[in-house]
Structures are given as C-alpha cells and as structure tokens.
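Subject: Model for your files

Hello,

Here is the structure I said I would pass on. My notes on it follow below.

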Amino acid sequence: MTAPKHHPSARTDREKRPPRRIYVAGFLDAIGLGMYLSFSAIYLNQSVGLSNYRVAVVLGTAGVASVLGAIPIARFADRFGLRRALAALFAARALSYAGLGAATNLWTALVAAAFGGVLNRGIGPLVQTALIAGRDQAAAVGPLARLRALRNAGMAVGALPTGAAVAIGEQWAFRSVMVAAAVIFLSCAAVALSLPEDADAVASRRAGRPRLVDNAAFLKVTVLYGALTLSAVLLGVGMALWITQQTDLPPWIVSANYVINTVLVVALQTRLARGSESPLRARRMMIGGGVLAATGSAVAPLSAWGSGYAPIVVAVLVVVLMTGAEIYVVAGGTSLALVHTPQDHRSTYLATFNLAFGVATVIGPTLISVSLGLGSVGWLAWAVFFAIASVAARTVALTPGRNEPSPPETDRHSAGAETARREPEGESA
C-alpha cells in the first residue's frame with residue numbers, strides 16, 4: 001500500500017494562513033462592541049436614569065479615554081506579547097461592561113465607561129497585528145480585508161439584541177444586554193489564550209521603542225486616512241441630521257441608509273480590497289476614495305429638492321458613493337500604512353494608524369453638526385475638503401524612506417500573486 005504523498009508547498013500554505021481563532025476573536029469582539037455602541041445612550045438614560053447632559057458627559061469621557069489609551073495598550077502588548085495582552089485586555093473589557101451593567105448613578109457609570117473606553121481603541125489593532133504576524137505588507141492585505149468585513153457584520157449582529165431590549169422596556173432586559181456583552185468579551189479572552197505565541201512581540205522587545213516622529217511617510221498616510229475617513233462619520237452622523245432636519249424625506253430613510261451601508265461594506269470589503277497589495281494601486285484607491293467622498297458631498301444637497309422618489313434616489317446614491325469611499329480609503333490607507341510599518345513595531349504603528357479614525361469620530365460630529373447647519377454650503381465645503389485630501393494623497397511615498405525601518409524585502413507584485421494562490425476566492429474566514 002502506497003503512503004499518501006504530502007505536498008510541502010500545500011502544507012506550508014496552510015501553516016501561513018492566519019489561525020481561524022483570530023477571526024473568531026475579532027468577530028465576537030465586534031458583536032460585543034456593537035451591542036454597546038448601539039445601546040449605550042439609551043441604556044444610560046433609561047436604565048441608569050441619567051439626563052441627556054450626563055449621558056453626553058459619560059460618552060464623551062469614554063471617547064476621549066479611547067484616544068488616550070490606544071498607544072499605551074500597544075506598548076503593553078509589545079512588552080508582554082500579543083496572546084497574553086489580548087487575554088488580559090478582553091478580560092478587563094468584560095469587567096468594565098459588567099460594571100456598566102451594575103451602574104446605578106453618574107459616578108459608577110462614568111468610571112465603568114471610562115475604563116472600557118481606554119480599551120476600545122487599543123484592542124482592535126492588536127487583533128490585526130496577531131492576524132498578520134509573520135506576513136509582509138502584500139500578504140497582509142487579504143486577511144485584514146476579511147477581518148474588516150467580519151467585524152462590520154459583527155457590529156450589525158450586536159445591534160439586534162438591543163432592539164429587543166428596547167421593545168421589552170424592562171430593567172432586566174436593559175442590564176442583560178451589558179451582561180451578555182461582558183460574557184462575550186470573556187469568551188474573547190478564552191480564544192486569545194488559545195492563540196499561538198507570536199514572534200513579532202518578541203522582536204519588538206529587542207528592537208526598543210519605536211520612533212514614529214522619524215517616519216514622515218507613515219504619519220502623512222495616517223493624517224490623510226483620518227481626514228478621508230471623516231466621510232464615514234459624515235455619512236453616519238451628517239446624513240441622519242440632514243434627512244431629519246433639512247429635508248422632507250421620511251425618517252425611515254435613516255435606518256435604510258444604515259442597512260445599505262452595512263450590507264455593502266460586508267459584501268464588498270474583501271472584493272474591492274483586491275489589488276491593494278500593490279502600493280501604487282493602494283494610493284490610487286485612497287485618491288479614488290477622496291473623489292467618491294467629494295462627489296457624495298456635492299450630490300447630498302439635492303436630496304432636499306423635489307418630491308416623490310427623486311430625493312430618495314439621491315439619498316441612496318449618497319450612501320453608495322460614501323460607502324465606496326469608505327471601502328477604498330480603508331483598504332488603500334491600510335496597505336500604504338503597512339508599507340511604512342516595521343514588522344518589529346506593528347502593534348504601536350497600527351494603533352497609531354487606527355487612532356486617526358478614533359480622532360475623526362471624536363471631532364467629526366461637532367464639525368459636521370456646525371457645518372451642515374449652514375445648509376447646502378456646508379455640504380459643498382465638505383466636497384472641497386475631500387477633494388483637497390484626495391490631491392494630497394497623490395504625494396504619499398510608495399516605498400520606505402531612507403530613515404525609516406524597511407519591511408523585509410519582497411517583490412510586492414509577486415507576493416500579491418502568492419497571496420491570491422494561498423487564499424483562493426470564496427474561502428471562508
């Protein structure tokens with residue numbers, strides 16, 4: 001009887017695929033986070049009994065804490081390793097949500113929300129780093145796109161039980177959502193403990209502290225990414241305000257827009273990210289994303305004109321344009337950031353990169369509320385802003401600079417082809 005033949009290349013390909021458990025952890029984390037984001041304001045008001053002003057104070061404090069906590073958390077992971085850091089951080093997040101579930105007044109809610117806020121922006125980049133450990137920039141693009149699609153789906157799933165709790169309207173229903181989120185994060189901690197030890201964290205301890213200030217190209221990508229991702233905040237916050245305050249469109253259009261955006265991102269994120277392993281293609285995607293955002297902003301005022309189906313069609317068109325901008329900017333920006341990211345410090349660099357969107361979500365709502373209060377002029381101002389950012393994206397370097405640490409040498413186009421062979425279309429996460 002002849003022994004079955006083993007193909008070394010196939011075995012190597014399987015070994016190079018990211019552990020599915022990382023996708024599981026990212027998906028579960030997104031479900032728990034989606035439960036909080038879709039429910040926090042209602043929970044604090046209806047269950048804890050806080051006024052609208054105090055709810056704003058609690059959520060604002062959590063938002064600021066999330067921005068401040070991202071980089072220290074990344075350095076914590078560099079020091080102790082991704083597996084142990086993720087397990088500890090997920091357990092800490094579970095504790096913060098259990099605290100929210102037991103909150104009875106402003107101060108208990110404020111402490112729990114601030115503690116959870118510190119973790120909110122720091123955990124995601126660590127999951128990304130664990131996913132692409134040992135991979136170069138070209139090979140990292142596909143897994144990151146799949147993770148983003150999974151996380152968007154998880155956020156949508158997380159919003160479902162909150163609707164049931166609101167419909168029930170009882171204290172036990174409100175608090176059970178927070179307890180369920182805490183249990184989900186404990187499950188994430190258990191998954192994290194089962195992950196293999198990563199080599200990147202060990203390398204980063206040997207390499208010392210990263211010097212981000214010396215990496216001008218990375219900082220430029222990060223700033224432009226933050227500017228262009230304001231389009232996602234403009235869609236989520238600005239369109240809702242515009243539709244309800246400045247148009248005659250029915251209010252259900254706001255919910256419909258959210259559903260359309262979520263479905264498009266989940267369905268197209270991985271598909272449209274293909275090719276972004278090429279730095280030139282990634283830069284074109286950032287530019288294209290800016291153009292789509294500018295076009296969507298210029299079209300949006302038309303939704304306040306006319307009657308019947310025409311304004312609805314315009315509103316849907318704006319959602320499609322802005323969603324396309326979001327997908328292209330995220331895919332292209334992430335790929336270009338990885339070009340200028342040394343593998344020894346991926347945790348810190350990815351945390352800094354993701355912090356750009358965190359800052360956008362903190363300052364964006366205020367800027368959007370003020371600008372759209374001006375009516376169509378505000379939308380046109382955003383169109384000009386995104387057009388300028390799109391032009392600025394043309395100046396982003398495609399290769400590491402002389403003074404920045406270079407990722408391992410590789411033929412980017414051949415590496416992208418290898419990625420396509422290792423991860424065939426349609427393979428599930």
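Which residues form one aromatic cluster with Tyr-36? They are Tyr-97 and Phe-185. Please keep in mind throughout that this is a predicted model.

Aromatic contacts

The structure holds 11 aromatic pairs. One of them joins Phe-39 and Phe-174, which are stacked, with 5.7 Å from centre to centre and 20° between the planes. Phe-39 sits in the loop between α2 (20-37) and α3 (40-46), while Phe-174 belongs to helix α8 (residues 171-193), so this pair ties together parts of the chain that are 135 residues apart in sequence. Both partners, Phe-39 and Phe-174, are buried.

There is also a charge over a ring: Arg-79 lies over the face of Phe-80, 5.3 Å from the ring centre.

Salt bridges

Side chains of opposite charge can pair when their charged atoms come close. The count here comes to 2 salt bridges. Asp-29 forms one with Arg-93, where the closest N and O atoms are 2.2 Å apart. Asp-29 is in helix α2 and Arg-93 in helix α5 (residues 82-102), so the pair ties together parts that are 64 residues apart in sequence. Asp-29 also forms a salt bridge with Arg-151, and here the closest N and O atoms are 2.9 Å apart. Because Arg-151 lies in helix α7 (residues 137-168) and Asp-29 in helix α2, this pair ties together parts that are 122 residues apart in sequence. Asp-29, Arg-93 and Arg-151 are thus linked in a network of salt bridges.

Are the members of this network buried or exposed? Asp-29 is buried, with a relative accessible area of 1%. Arg-93 is buried as well, at 0%. Arg-151 has a relative accessible area of 19% and counts as buried because the cut-off is under 20%.

Helix α4

Helix α4 covers residues 52-80, which makes 29 residues. From its first C-alpha to its last it reaches 40 Å, close to the 42 Å expected at 1.5 Å a residue. Where does α4 bend? The bend is at Gly-69 and amounts to about 35°, and a proline, Pro-72, follows within four residues. After α4 comes Gly-81, with a positive phi near 95°.

Two buried positions in other helices

Leu-321 lies in helix α14 (residues 310-339). Leu-321 has a relative accessible area of 15%, so it is buried. Which residues does Leu-321 touch, not counting those up to four places away in sequence? They are Leu-292, Thr-295 and Gly-296. Of these, Gly-296 is 25 residues from Leu-321 in sequence, and the two are 5.4 Å apart in space, C-alpha to C-alpha.

Thr-262 is in helix α12 (residues 252-273). With a relative accessibility of 13%, Thr-262 counts as buried. Apart from neighbours within four places in sequence, Thr-262 is in contact with Asn-152 and Ala-156.

If you open the model, Asp-29 may serve as a starting point, with its salt bridges to Arg-93 and Arg-151. The stacked pair of Phe-39 and Phe-174 can be viewed next, followed by the bend of α4 at Gly-69.

Regards

Methods: Residues numbered from 1 in each chain as written. Predicted model: local features only at pLDDT ≥ 70, side-chain atom pairs only at ≥ 80, totals over all residues. Heavy atoms only, no water. Helix = DSSP H or I, 4+ residues; strand = E, 2+ residues; numbered from the N terminus. Expected span 1.5 Å × (residues − 1). Bend = angle between axes of the 7 residues up to and from the residue. Buried < 20%, exposed > 50% of the residue type's maximum accessible area, 1.4 Å probe, protein only. Contact = heavy atoms within 4.5 Å. Phe/Tyr/Trp six-rings, centres within 6.5 Å; stacked < 30°, edge-to-face > 60°. Lys NZ or Arg CZ within 6 Å of the ring centre and 35° of its normal. Salt bridge = Lys/Arg side-chain N within 4 Å of Asp/Glu carboxyl O.
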